[in-house]
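Biologist: Please walk me through the backbone oddities and the core packing of this model.

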Amino acid sequence: MSLRRRLALCLVSLAAIVAAYAQDASLVASVDRDRIQANESFTYVLRVEGRFSGRPDLSALGREFDVLRSGSSQSIQIVNGQTTQVAEWTVELMPRGAGEFELPPIELGGELSNPVQVEVLPAETATDAAADIFIEVELDRDEAYVQSQVIYTQRFFIGIPTGRESFPATAIAGGEAIAEKLGNDREYQTVRGDRVYRVRERKFAVFPQATGMLRIGPAEYEATVIPNRGFSRRQVLRSDVVELTVLPAVAPPASHPNAVWLPARSLRLEEAWNDGEDVFEQGVPRTREVSVQAEGVLETQLPELALAEGEGLRQYPDQPELSRELTDAGIEARRTERFAVIAQQPGTVEFPPVELPWWNVDLRRWEIARIDAVTIPVEPGDETVPAALATPAAAPVVETDPGFWPWVSGALAAGWLLTIAAWAFSRRATRRSVRPRPAERAVSARSLLKQALAACRVDDAARTRDLLLEWAARQFPDDPPLSLGALAGRLADPLAAEIRTLESSLYGPQGHAWRGRKLAELLSATQSVSREGTEEGRDPLMPLYR
């Protein structure tokens, strides 16, 4: 290699290294809570990514707030071969009074962070403020519809040193319910009755599965108390029990008599195409993605999207993808379904509208989420015979040798089919390659089985099928059954026989009304299967369940 070429390579490498370290710094400020009480602390975080020097001046934060403590950390991240310098400064602040405040921008290396708005509410009084430790619990509403979401909050106020803390699971009585913990616990400080408490806050999304009165609690706290004088002692405290009135499901609207009961706080439908094109080519597959996003429901509650077939179209569905996001307001669920769509002839094709009825729990009414109908042009495929060469209707029939064109058309058709099969196989392989850890599978399996029991009790055959297949995927992760028949083949009678009855009601030539009472009884006895291996290493802070 010549000296000139070596020098050029060195210059290119040096330029890449300089670009990696000389990137502009990005300064972002945030708080762990933007709405607090006047006697509660909160945490301010200043994060910088990129090349920077020096330290920020955080003294401006002490104008309206007391600084309790501060800290900093630095690290280097390497993503896709790119090196990024990251640093964080954290400051715990205590308000001096109520009102709305703006934490000013902070300067570092010539860059300014964003301002942060904070609302400080007047301090609450508490009759238990004289106690060393006390517990508060609350529901975000006093009544809720069956299978809808209710937020249950626990706050543990700890005013003395403690050790070996534990939080036993909270009991639910009066009816069946599903409970999911919303993220990690929060810790902050507050003042009650001129006394400083360390607060541990935990939130749960609770989904009642039967009408009537649901009783939640008491919440429990166990710890070793370390007093200023004397010997330490173990202490157990219990909160009050809260009650929830569970209302029955509302009949479907007249326009959609077969609507699935779907109580949510918000819901929307979205549609996307893999290539972003606004035209079809005859015989060439495109991927259509339709997703439903809802707040206040579990992802397994979202029903299968029924897409009507348009004239001149073929749609081949893939397995749906289910996901969720945990927020302070509860669970945001998403169901995504993909279809390989092939236009059969040139001209235009019309995609019928997609509609999904759902019950708005806040407005207490049925609403219809909708994707409007759309017409898309279809261009002739490459193998289509041009119109100028087509034989006129009155022309005599002449037998000719077809030559090699039939072989070419057959090869193209085979290529399309192999493309579709490879696409479907890759999607399925990707899904199977990402499996939850054993502990996550156990918890999810229990949750799915409880939801399947609820679907059986309301004779919802389609939803029971979907939930059983989801449950089976966690019970047999190495080779999940893809149909009810395959699942029945791995189970013993009488459960296997009842699952075949469900399959017959859904797909049988005659079809018949399905009653889920017997299957519910058998599934109740099967719950122990999903609980195997969950006792060892149980986290004392695991979500409450019944």
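**Backbone and core**

Modeller: Asp-194 is exposed (over 50% relative accessible area, 1.4 Å probe, protein chains only), with a relative accessible area of 82%. This is a predicted model: local features need pLDDT of at least 70, side-chain atom pairs count only at pLDDT 80 or more, and totals for chains, interfaces and linings use all residues. Residues are numbered from 1 along each chain as its sequence is written, and side-chain values use heavy atoms, without hydrogens and water.

Biologist: What is phi of Asp-194 near?

Modeller: Most residues other than glycine have a negative phi. Asp-194 sits in the loop between strand 16 (186-192) and strand 17; strands are DSSP runs (E, at least two residues), numbered from the N terminus. Its phi is positive, near 65°.

Biologist: Is Arg-164 buried or exposed?

Modeller: Arg-164 lies in strand 13 (residues 162-166). Its phi is positive too, about 50°. By relative accessible area, 72%, Arg-164 is exposed.

Biologist: Which residue does a cis peptide bond join to Gly-217?

Modeller: Most peptide bonds are trans. Here omega is about 5°. The partner lies in the loop between strand 18 and strand 19. That partner is Pro-218.

Biologist: How many residues are in the largest nonpolar core?

Modeller: A nonpolar core is a set of buried (under 20% relative accessible area) Ala, Val, Leu, Ile, Met, Phe, Trp, Tyr and Cys residues joined through side-chain atoms within 4.5 Å. Tyr-152, Val-206, Leu-214, Ile-216 and Tyr-221 touch the most other members. Strand 17 (195-208) is among the elements giving two or more residues. The core holds 34 residues.

Methods. Helices (H or I, at least four residues) and strands (E, at least two) are DSSP runs, numbered from the N terminus.
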